[in-house]
Amino acid sequence: MNNTSAKIALGCDHAAYQLKEQVKAHLQDMGLEVKDFGTFDETSVDYPDYAFFVGKSVVSGECEKGIVLCGTGIGISIAANKIPGVRAALCHDLFTARACRQHNNANILAMGARVLEPEMALQIVDVWLQTEFEGGRHQRRLDKICEIEDTMAVEHAQELANIVNNS
């Protein structure tokens, strides 16, 4: 990853605020620009909001990649993956951090503050950022994921049209 131009979106809930601050400092120390969507303290908030902010910024191209954090990483990764174009991968070790980039071209990294020690989280960030997508047979699979997203979007659009027409 070209550290001089990369912009990373970052977001978390209250459970992961402290880890987000450590990840943010780590990214900045690497020379990366960080767009911090919050949360900005440990007051209870809803993780889907921050997953949405980060996901939207990645899909729109405002940021190259994103990192989302919550207590386990599960909820925020589920929420982020609802956004078409997001490929959020929940990682708890270096193997999954590498594999999700090589095979899935994950554009958002999800981690859990209550299940990872900060040192491991920072190592996961490093591996995830340094690993490139392999393409090849993996591209075919990503294309199928995009087809699923496109099909679901068309089906949902028809449902909305039916609701409007029946009102």
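## Basis of the description

Helices (H or I, at least four residues) and strands (E, at least two) are DSSP runs, numbered from the N terminus. On that footing, lysine 144 has its place in helix H6, which covers residues 137–165. The structure described here is a predicted model.

## A patch of positive charge

Lysine 144 is one of the residues that gather in a patch of positive charge on the surface, and the other members of this patch are Arg137, Arg140 and Arg141.

## A salt-bridge network around helix H1 and strand E2

A search of the whole structure finds four salt bridges, and a network of such contacts links Lys20, Glu21, Lys24 and Asp36. Lysine 20 is paired with glutamate 21, with the closest N and O atoms 3.0 Å apart. The two partners of this pair are not covered in the same way by the burial classes: lysine 20 counts as buried because its relative accessibility is 0%, whereas glutamate 21 counts as partly exposed because its relative accessibility is 27%.

Lysine 20 also meets the side chain of aspartate 36 in a salt bridge, at 2.8 Å from N to O. This pair links distant parts of the chain, since lysine 20 belongs to helix H1 (residues 17–29) and aspartate 36 to strand E2, with their positions 16 residues apart in the numbering. Both aspartate 36 and lysine 20 are buried. A further salt bridge joins aspartate 36 to lysine 24, where the closest N and O atoms are 3.1 Å apart; here too the pair links distant parts of the chain, with aspartate 36 in strand E2 and lysine 24 in helix H1, twelve residues apart. Aspartate 36 has a relative accessible area of 14% and is therefore classed as buried, given that buried means under 20%.

## The largest nonpolar core

In soluble globular proteins, nonpolar side chains tend to be buried together. The largest nonpolar core of this model holds 28 residues, of which Val23, Leu27, Ile67 and Met111 touch the most other members. The elements that give two or more residues to this core are strand E1 (7–12), H1, strand E3 (65–70), H4, E5 and helix H5 (118–130). The largest share, seven residues, comes from H5.

Helix H5 is also where tryptophan 128 lies, and this residue is classed as buried because its relative accessible area is 0%. Tryptophan 128 and proline 84 are 44 residues apart in sequence, and their C-alpha atoms are 21 Å apart in space.

## Backbone features in the loops

Two backbone features can be placed in loops. The peptide bond from glycine 38 to threonine 39 is cis, with omega near 5°, and threonine 39 is found in the loop between strand E2 (33–36) and helix H2 (47–60). Asparagine 105, a residue other than glycine, has a positive phi near 50°, and its place is the loop between helix H4 (94–102) and strand E5 (108–112).

## Methionine 30

Methionine 30 has its place in the loop between H1 and E2. With a relative accessibility of 22%, methionine 30 counts as partly exposed, because the buried class is limited to values under 20% and the exposed class to values over 50%. Methionine 30 and isoleucine 145 are 115 residues apart in sequence and, from C-alpha to C-alpha, 32 Å apart in space.

Notes
Residues are numbered from 1 along each chain as its sequence is written. This is a predicted model: local features need pLDDT of at least 70, side-chain atom pairs count only at pLDDT 80 or more; totals for chains, interfaces and linings use all residues. Side-chain values use heavy atoms; hydrogens and water are left out. Buried means under 20% relative accessible area, exposed over 50%, partly exposed in between (1.4 Å probe, protein chains only). Patches are made of residues with over 30% relative accessible area and no salt bridge: like charges are joined within 9 Å, nonpolar side chains (Val, Leu, Ile, Met, Phe, Trp, Tyr) within 5 Å. Accessible areas come from the Shrake-Rupley method with a 1.4 Å probe; for residues, only the protein chains shown count as cover. Lys and Arg count as positive and Asp and Glu as negative; His and the chain ends are not counted. The place of a charge is taken as NZ of Lys, CZ of Arg, CG of Asp or CD of Glu. A nonpolar core is a set of buried Ala, Val, Leu, Ile, Met, Phe, Trp, Tyr and Cys residues joined through side-chain atoms within 4.5 Å.
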